[in-house]
Amino acid sequence: MSDTRIQLAMLDSMAVAATDAFLCRSLISTRNPSINFKNQVRKLKVKSKFSSKVQAQLQVGIEKQEHILSGLNLGFDVVSEGELREKGFMGMRKTKMVCTIGPACCSDQDLEKLALGGMNVARLNMCHNTRDWHCHVIRKIKRLNHEKGFCVSVMIDTEGSQIHVVDHGSPSSVKAEVDSIWLFTAEKLEGSHPFTVQANKGFSEGIEVGDEPVIDGGMASFEVIEKVGNDLRCKCTDPGLFLPRAKLSFWRNGKLVERNYGLPTLSTKDWADIEFGISEGVDFIAMSFVSNADSVRHLTNYLSTKSAKPIKVLAKIENMESLQKLEEIVESSDGIMVARGDLGVEIPLEQIPTVQEVIINVCRQLNKPVIVASQLLESMVEYPTPTRAEVADVSEAVRQYADALMLSGESAIGPYAQKAVSVLRMASSRMELWSREENRQSALSQRQLGVSLSDRIAEQICNSAVKMANNLSVDAIFVYTKHGHMASLLSRIRPYPPIFAFTNDDSTRMALNLQWGVIPLLVDLSDDMEANISKTIDLIKTKGMVKQGDSVLVVSDLTPAHVTSTAFQSILVKTIA
Ligand SMILES: Nc1ncnc2c1ncn2[C@@H]1O[C@H](COP(=O)(O)OP(=O)(O)OP(=O)(O)O)[C@@H](O)[C@H]1O
Ligand SMILES: CC(=O)C(=O)O
Ligand SMILES: [K+]
Ligand SMILES: [Mg+2]
């Protein structure tokens with residue numbers, strides 16, 4: 001073929017592929033400046049004449065590549081970049097947001113709006129819907145990340161073994177009146193059976209006449225008046241509602257009947273869901289109804305052998321056993337969720353706020369990210385504004401320094417998902433600012449974190465780094481990190497400035513998404529720290545995001561091959577020239 005014909009053929013196929021963002025990505029992922037789509041096209045265009053249709057297609061390709069390149073050079077996601085431009089370093093939101101994805105927010109457009117609103121992690125609750133449905137959602141999110149420059153991590157949440165209502169004869173709620181008599185059974189009933197509730201198998205094991213079944217931690221209460229086989233005949237003592245999948249707990253003499261249901265933390269279905277999560281490359285698995293550290297370690301070990309990419313395991317604290325073994329569970333996990341929905345079924349509601357604070361503090365002490373979940377803006381499942389009490393609750397979680405806040409039904413089934421996200425965003429930004437001022441003015445030292453971690457050198461370096469960053473009022477902290485270790489140690493101290501975590505590991509980037517105050521950025525890093533620093537500062541400068549005189553504090557956990565001692569680690573303060 002002649003030169004021109006080869007070029008023509010190349011250009012034609014490029015034109016077709018230009019509309020395919022996948023090619024753009026692969027061009028970029030080579031990070032090879034010689035394979036620059038625009039230059040290639042420009043070079044070829046001058047020599048050839050093409051139809052306007054082909055020209056237009058090429059232009060789409062160029063724009064797509066430039067859009068992606070503009071973020072990828074610095075690994076910035078479009079949301080963090082926009083926030084930095086708009087609000088400056090100190091205005092960046094520190095508290096992360098997790099949104100449960102459900103039928104009300106699963107279209108491409110809905111997901112994009114949530115991502116634009118600041119969703120850091122999308123949660124898929126495997127209790128609901130089909131694996132196929134979840135698969136579609138995960139792929140949509142990954143596509144959005146790739147094509148539109150977002151950085152949304154994916155979490156699946158296991159169903160776990162819990163006693164709940166399977167069928168109460170209605171797709172919505174059913175009222176239980178005082179003194180009405182109900183049959184609780186594990187048998188599946190065909191046809192209409194008023195006053196009958198199907199629960200899952202084994203629900204009545206160890207339950208006696210006189211015990212009190214409680215629905216959703218107090219939505220309605222009953223008394224067992226007769227036990228026939230495995231069925232319970234019950235009288236309603238406190239009227240209320242059965243919601244779909246309502247949770248069931250049993251009380252005796254004012255105390256929760258603690259039962260070993262004989263059910264494993266992970267059921268056969270959960271393991272199948274975990275396999276699904278591995279094959280779809282999720283970033284987090286939230287494990288429901290954890291009762292000891294062994295089950296967490298078991299899953300972690302399993303994932304380390306079965307999954308090519310690291311998947312973080314989050315243990316959900318939602319029953320009495322997990323509270324009793326809190327420290328060992330926190331230590332064994334990669335992070336924690338305060339699952340207040342089920343927790344409120346097992347402990348008196350008035351204990352939730354203090355238990356939440358204890359869990360958050362233990363997590364910070366042991367350097368694990370922590371999510372506060374359930375009912376944060378519950379009224380927004382129905383209404384477009386939250387109650388004042390809900391805003392106060394969200395603000396309290398932010399003041400307590402939770403890493404992340406989670407929406408459940410507010411995003412999954414409510415019509416006001418984006419509004420709920422913006423309420424979280426605004427309430428957290430406001431409280432972050434307030435706490436910072438409050439800490440500064442009253443010189444209140446933040447809760448002292450004791451020396452508690454195995455890597456004491458890195459811990460002390462990060463403690464000192466944050467103290468310096470705060471005292472010197474630097475504009476940002478830059479940390480260069482392989483697995484996110486130093487980034488999380490810095491986050492743990494909750495510094496005033498934001499933490500820009502530069503990593504060349506995509507899994508690290510996605511995992512850091514959950515951590516307080518960390519903006520994870522994907523960049524090529526070398527063994528040469530000086531080069532890494534000047535490269536990233538130059539890139540940020542090129543984008544006009546820093547100005548002369550801004551200062552950044554720099555730390556790193558990257559150890560060049562020729563250095564063997566951790567004493568290499570040091571703290572630098574750079575003023576932008
Ligand atoms: N994928 C989904 N498909 C349909 N409905 C969903 C989905 N995800 C969530 N929902 C709905 O949103 C509500 C709240 O969601 P969420 O999963 O957070 O609560 P939950 O079921 O109480 O959580 P958990 O079972 O983990 O304690 C659920 O009751 C359910 O009705
Ligand atoms: C989130 C969850 O599982 C709960 O609150 O129970
Ligand atoms: K769940
Ligand atoms: Mg739960």
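Two strands count as paired if DSSP finds at least two bridges between them. Keep that in mind, because bridge partners come up several times on this tour of a predicted model.

**The whole chain**

Start with everything on screen. The protein chain holds 20 helices and 23 strands. Of its 577 residues, 41% are buried. Now think about contacts with a separation of 6 or more: 70% of them join residues 24 or more positions apart.

**Stop 1: a sheet of 8 strands**

Select strand S6 (residues 181-185) and strand S10 (residues 231-238). They run antiparallel and are joined by 4 bridges. Zoom in on Leu-183, and you'll find its bridge partner in S10, Arg-233.

Next, add strand S7 (residues 196-199). S6 and S7 pair in the parallel sense, over 3 bridges. Here Thr-185 has Gln-198 in S7 as its bridge partner. As a rule, strands of a sheet pair through backbone hydrogen bonds, either parallel or antiparallel.

Then pick strand S8 (residues 212-215) and strand S9 (residues 220-228), an antiparallel couple with 2 bridges. Val-214 is matched with Ser-221 of S9.

Now show the full set. The sheet is open, has mixed pairing, and its 8 strands come in the order S4-S7-S6-S10-S9-S8-S12-S13. Which strands stand at the edges? They are S4 (165-167) and S13 (255-256); each has a single partner strand, so one side of each is left without a neighbour in the sheet.

**Stop 2: the nonpolar cores**

Select Ile-477 and Leu-490. They have the most contacts inside the largest nonpolar core, a set of 116 residues. Which helix gives the most to this core? It's H16 (residues 417-441), with 7 residues. Color the domains too: domain 2 (97-158 + 263-431) and domain 4 (456-575) both give residues to this core, so it lies between them.

Stay on Ile-477 and show what is around it. Leaving aside neighbours within four places in sequence, its contacts include Ala-465, Leu-490, Pro-497, Phe-500 and Val-552. Apart from this core lies another, of 19 residues, with Val-197, Ala-199, Leu-232 and Ala-246 among them. In soluble globular proteins, nonpolar side chains tend to be buried together.

**Stop 3: helix H20**

Move to H20 (residues 529-542). At 1.5 Å a residue, its 14 residues should span 20 Å, and its end C-alpha atoms are 20 Å apart, which agrees.

Light up Asn-532, Thr-536 and Ile-540, which are buried. They cover an arc of only 55° around the axis, which puts them on the same side of H20. Strand S19 (476-480) and strand S20 (499-503) are included in what covers the buried residues of H20. Turn to the face pointing away from that buried side, and you'll meet the exposed residues Glu-530, Ala-531, Asp-538 and Thr-542. Just after H20, Gly-544 takes a positive phi of about 70°.

**Stop 4: two unusual backbones**

Most residues other than glycine have a negative phi. Gln-375 isn't a glycine, yet it has a positive phi of about 65°. Look for Gln-375 in the loop between strand S17 (370-373) and helix H14 (388-399). It is partly exposed, with 17 other C-beta atoms within 10 Å.

Last, select Tyr-401, in the loop between H14 and strand S18 (404-407). Tyr-401 also isn't a glycine, and its phi is positive, at about 70°. Is Tyr-401 buried or exposed? Tyr-401 is buried, with 24 other C-beta atoms within 10 Å.

Methods. Residues numbered from 1 in each chain as written. Chains lettered and ligands numbered in written order. Predicted model: local features only at pLDDT ≥ 70, side-chain atom pairs only at ≥ 80, totals over all residues. Expected span 1.5 Å × (residues − 1). Buried ≥ 20, exposed ≤ 12 C-beta atoms within 10 Å, placed from the backbone. Arc of directions from axis to C-beta. Contact = placed C-beta atoms within 7 Å. Core = buried A, V, L, I, M, F, W, Y, C linked by C-beta atoms within 7 Å. Domains from an automatic or database assignment.
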